Amino acid sequence: FMDAPWDDVAVALQVSAYSLKSLVKAALPLMDRGGSVVGLDFDNRVAWPAYDWMGVAKSAFESVSRYLAKELGPKGIRVNAVCPGFTDTDLLAESVENIVRLTGRSTEEAWASLERFNPQGRLIQPAEVARVVGWLCLPESSALTGQAIAVAGGEVM
């Protein structure tokens, strides 16, 4: 974290935060009757090992979504972020392989450690995240904007 050069940090911030503003601005002509924007975020309340500046960039992403909600609310456009917990995806499997390689833990221990974060003792399923994203695009969620919604099964850090 302390040794990261600005050029690397700038790329992380551009790709993970500023890009949301750029994408929304490009989509505005298609949203002349309002709409909903939902971005995928990450729980950045904790300084995760090895996540470093990406964690900071995700905090910026969440802030950008709140500012977009403020700016676009008068146009009937809502902006929210969804923060999935440890989700059963190929990317998570790759991360587990890295944990095993870096720590010497067994694969079973690495998976079990992730599942322990969830009070239900399981990983989040992609369909669970997708249902929340879809709901945020429906009129039934019209009172929500500028929110970061955890889809994490009550994960505890």
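Student: Across which strands does helix 2 lie, and at about what angle does it run to strand 2?

Tutor: Good place to start, and keep in mind that this model is predicted. Helix 2 covers residues 52-72, and it lies across strand 1, strand 2 and strand 3. Its direction relative to strand 2 is about 160°.

Student: In what order do the three strands sit in the sheet?

Tutor: The sheet is open and its pairing is parallel. Neighbouring strands are twisted by an average of 30°. Reading across the sheet, the order is 1-2-3.

Student: Why is one side of strand 1 and of strand 3 left without a neighbour in the sheet?

Tutor: Strand 1 (35-40) and strand 3 (148-151) each have a single partner strand. One side of each is therefore free of a neighbour, because both stand at the edges.

Student: Which residue of strand 3 stands opposite Val 82?

Tutor: Let's look at where strand 2 meets strand 3: they pair in the parallel sense over four bridges. Opposite Val 82 you will find Ile 149.

Student: Which helix gives the most residues to the largest nonpolar core?

Tutor: This core has eleven residues, among them Leu 20, Phe 61, Leu 68 and Val 79. Helix 1 (6-27), helix 2 and strand 2 (77-84) each supply at least two of its residues. With four residues, the top contributor is helix 2.

Student: Leaving aside neighbours within four places in sequence, which residues does Leu 68 contact?

Tutor: Leu 68 belongs to the largest nonpolar core. Beyond those sequence neighbours, its contacts are Leu 20, Lys 21, Val 24, Gly 73 and Val 79.

Methods. Residues are numbered from 1 along each chain as its sequence is written. This is a predicted model: local features need pLDDT of at least 70, side-chain atom pairs count only at pLDDT 80 or more; totals for chains, interfaces and linings use all residues. Side-chain values use heavy atoms; hydrogens and water are left out. A nonpolar core is a set of buried Ala, Val, Leu, Ile, Met, Phe, Trp, Tyr and Cys residues joined through side-chain atoms within 4.5 Å. Buried means under 20% relative accessible area, exposed over 50%, partly exposed in between (1.4 Å probe, protein chains only). Contact means heavy atoms within 4.5 Å. Two strands pair if DSSP finds at least two bridges between them. Axes are lines fitted to C-alpha atoms, for helices over the stretch in contact, and angles run from 0 to 180 degrees between N-to-C directions.
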